[in-house]
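Trainee: Could you take me through one part of this model closely? I would like to see how two packed helices are described, and then how that part sits in its chain.

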Amino acid sequence: MKKGSRKWLVAGSVLLCLIIMYLCTLTGVASISFWDANRILLHEVFHLDISMEGITEGSITIIQNVRLPRVVLGFLTGASLAICGAGFQGIFKNPMADPFVLGVSSGAALGASIGIIFQFGSGFLGMNSTTLLAFVGAFLTIGLVYNISKIGKKVPMATLLLSGIAVSQTLAAAMSILMIMNRQDMDQIMFWTMGSLNGKGWSQIVMILPYVILGTVLLFTSCRELDIMLTGEEAAIQLGVNVEFVKKKVLFASTLITAAVISVTGIIGFVGLVVPHVVRMIAGPKHRGLMPLSLIFGGTFLIICDTLARSMAVWEIPVGIITALCGGPFFVYLLRKMKRGGNFS
Amino acid sequence: MNREMLKFSHVAAGYGEREVLKDITMSVKEGEFVGLIGSNGTGKSTLIKCISGLLPLKNGTIMICGKENSALKNRERAQMVAVVPQSYHVGYDFTVEDIVMMGRNPYLSLRKKEGTEDYAIVEEAMKATNTEEFRDRLYNELSGGERQRVILARAIAQKPRIILLDEPTSALDIHHQIEVMELITRLNQEEYVTVLAVLHDINMASRFCQRIVMLQDGAVFADGTPQEVINHSNMERMYQMKLMIRKNPLFHKPEIVPIRVMEEEKAATRRHIHIICGADGAVKLIEELDERGYEVTVGVVNQGSGDWDICQELGVTCVEAEPFTPITWEKQAENLKLMEDAEVILVADVPFGQSNLMNLQGLENLSGKIYFHKNALSSDHTGGALVKRLEEIGRVKKITYFGDHDEVLREL
């Protein structure tokens with residue numbers, strides 16, 4: 001894709017994303033009229049001097065502290081998972097990789113289960129114990145997987161994937177044992193693993209934002225190297241890429257982002273797998289387009305899914321179910337299409 | 001000019017326990033075009049991997065432009081050395097221009113993005129390799145020859161001082177093989193880029209390289225000009241087979257012709273067979289009889305004919321005459337002497353004319369059995385003299401006529 005058309009594509013997607021954010025903020029179970037919602041947005045967010053006559057305190061709170069943070073957190077979560085997916089698919093040179101491929105999710109889930117079961121009273125840095133343990137679990141898992149597969153100074157990608165699967169299965173089993181032994185907490189753990197943005201607000205956003213920003217910067221500064229690594233590791237070395245460093249950098253950045261996000265939201269699948277795929281079909285494999293577009297598309301996709309999750313039924317449906325419900329069939333469709341094209345990109 | 005671009009001292013390297021390179025010591029000077037040859041598994045590609053930083057050494061050092069290779073960062077090395085691999089597959093939809101631009105990577109960083117200069121260099125590289133016409137096409141959709149040109153363009157965009165080629169033409173047809181080799185030669189001559197190329201095809205190496213290094217068992221076995229390295233003993237040693245070496249008349253470079261790998265069953269006793277020939281018709285027959293262990297003599301052959309060439313190659317005793325001169329009685333006397341104790345005298349597929357009819361003089365007085373190729377009768381330019389001669393011989397002893405060489409070989 002040409003440089004110019006990429007800029008237009010990014011600008012267009014940003015605009016589309018903002019429109020969807022706006023529409024999703026207006027949508028919800030609570031009956032706040034279209035006009036009222038707009039007035040609240042203009043007054044509270046943009047601080048315009050608009051009369052707030054006839055608008056209840058409750059409506060203002062719902063828009064400002066329930067819907068808005070959910071839309072923002074939805075965007076952050078979707079965007080994060082999508083760029084981590086793109087990064088992982090880049091270093092593994094495998095279009096089937098997603099942010100959870102190395103067992104981050106099982107580690108986080110095990111941590112969260114421990115937190116839910118044992119109910120440690122105190123938190124740390126504004127995190128409650130479940131969130132904190134999920135974050136720690138995710139990081140410990142990746143550290144373990146990484147060290148298992150390390151040979152000398154190098155980390156062969158195939159070994160990394162396999163040890164990721166092995167560790168992941170083991171941790172999942174450990175979590176099952178915990179669940180069976182603590183049946184009273186089963187529901188809560190189950191819900192956590194399905195992923196949801198329910199009940200999250202600005203404080204969670206502020207908590208994960210630094211990790212997401214740091215990780216995103218690290219990923220965005222690896223674009224050229226990732227492109228070259230897609231053409232083969234040996235070729236990348238011969239073209240002057242410090243392959244081992246880039247791998248570590250992407251692994252670290254992705255783990256940081258994913259661990260932070262899922263410790264708050266629980267496990268939300270398919271976003272990291274499907275979104276980079278779709279973007280690659282539209283914009284080609286170059287990461288300089290892939291990364292920003294995955295960020296915008298992933299964010300937008302999750303906002304839509306979350307809006308569906310909270311407004312489709314009387315009970316809130318975990319958003320992880322919605323993403324899987326949309327993402328699964330779509331992925332099958334992609335696979336069929338690829339089988340015919342014989343190409344993964 | 002005489003700067004050492006690559007210097008290997010006692011290089012040893014391998015995979016796991018297996019040591020492929022044992023002790024390589026050599027150097028490549030600036031502007032040289034060096035071909036690396038050797039049979040499969042002698043470590044040619046391993047050497048390329050060692051230079052390009054893919055494989056650490058177990059022993060010894062490699063110096064690139066005077067700098068110790070193991071101390072170089074990938075980026076620094078890539079500014080000096082570019083690699084063109086055998087064939088290069090990319091699983092993603094990059095355009096040709098994207099791929100060529102990757103060659104600029106060693107000069108780019110977070111602070112320095114690709115600028116006008118880089119685009120100009122990429123443009124130039126694509127022009128030099130004739131790839132600019134498909135710059136926007138996907139690399140995956142190109143043919144093998146086009147892809148190899150794109151990879152060459154990428155190497156050129158790296159602005160290297162040294163280009164390493166690992167069997168750059170082995171997946172290509174001859175048109176594209178020559179095209180790629182000519183491009184590399186041009187780069188070598190015009191840009192003064194030093195070239196080290198692993199080549200499977202000895203004739204290609206002989207034709208394009210100024211210097212050839214032959215590896216054997218992980219060490220340098222021979223090193224010199226094509227004429228010095230491509231000789232019978234080196235090549236037989238390298239390939240463990242029978243082959244022939246001749247001078248290519250067009251390029252004046254040695255050329256090898258592979259002959260056979262399987263050894264024929266040796267004749268129990270060294271039976272003596274004399275072959276009368278003189279054109280190109282008996283080449284294979286001479287070779288096969290020699291291979292089977294017969295004592296072969298040949299005569300009278302004109303210098304420069306194919307039959308004469310093979311005698312020179314194989315060291316077969318022959319009576320020779322100058323090109324395009326009629327065979328004299330003196331020569332035939334020499335020939336008859338050679339035939340004296342021959343068990344079999346074979347007249348091969350050779351056109352007879354007045355100038356070589358002399359070859360058949362005196363055969364009737366010999367003790368050996370006479371075999372005569374029927375084709376010689378149909379290419380008779382003697383105006384009946386040949387038939388007359390055969391009748392004269394036939395009166396004294398039996399002539400066995402045969403249709404092709406295999407028939408005779410079976411009978412022997």
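Mentor: Here is a close look at one helix pair, followed by its chain and the neighbouring chain.

Keep in mind that this is a predicted model. Start with the general idea. Two packed helices are described by the angle between their axes and the distance between the axes. Now apply that to chain A. Take helix 12, residues 271–283, and helix 13, residues 287–311. Their axes lie 9 Å apart, and the packing angle is about 125°. Angles over 145 degrees count as roughly antiparallel, and 65 to 115 as roughly perpendicular. The pair in chain A fits neither label, so helix 12 of chain A is oblique to helix 13 of chain A. The crossing of these two helices of chain A is right-handed.

Which residues make the contact between helix 12 and helix 13 of chain A? Helix 12 of chain A brings A:Val271, A:Val275, A:Pro276, A:Val278, A:Val279, A:Arg280 and A:Ala283. Helix 13 of chain A answers with A:Gly289, A:Leu290, A:Leu293, A:Ser294, A:Phe297, A:Gly298, A:Phe301 and A:Leu302. Sort the residues of this contact by type. You get 11 nonpolar, three polar and one charged.

Now step back to the whole of chain A. It has 14 helices and zero strands. From the N terminus on, every element of chain A is therefore α. The radius of gyration of chain A is 21 Å. The globule rule gives 20 Å for 345 residues, so chain A is as compact as a globular protein of that length. Along its principal axes, the C-alpha trace of chain A spans about 70 × 55 × 40 Å. Of the 345 residues of chain A, 48% count as buried. Next, take the contacts in chain A with a separation of 6 or more. Residues 24 or more positions apart account for 76% of them.

Chain A also touches chain B. The contact takes 18 residues from chain A and 21 residues from chain B. On the chain B side, helix 2 (residues 74–80) gives the largest share, four residues. By type, that side of chain B divides into 11 nonpolar, six polar and four charged.

Finish with one residue of chain B. B:Gly403 sits in the loop between strand 18 (399–402) and helix 15 (405–411) of chain B. Is B:Gly403 buried or exposed? It has 11 C-beta neighbours inside 10 Å, so B:Gly403 counts as exposed.

Technical notes. Residues numbered from 1 in each chain as written. Chains lettered and ligands numbered in written order. Predicted model: local features only at pLDDT ≥ 70, side-chain atom pairs only at ≥ 80, totals over all residues. Axes fitted to C-alpha atoms, helices over the stretch in contact; angles between N-to-C directions. Parallel < 35°, antiparallel > 145°, perpendicular 65-115°, else oblique. Left-handed = near helix turned anticlockwise from the far one by under 90°. Contact = placed C-beta atoms within 7 Å. Nonpolar A, V, L, I, M, F, W, Y, C, P; charged D, E, K, R; others polar. Rg over C-alpha atoms; globule rule 2.2 N^0.38 Å. Buried ≥ 20, exposed ≤ 12 C-beta atoms within 10 Å, placed from the backbone.
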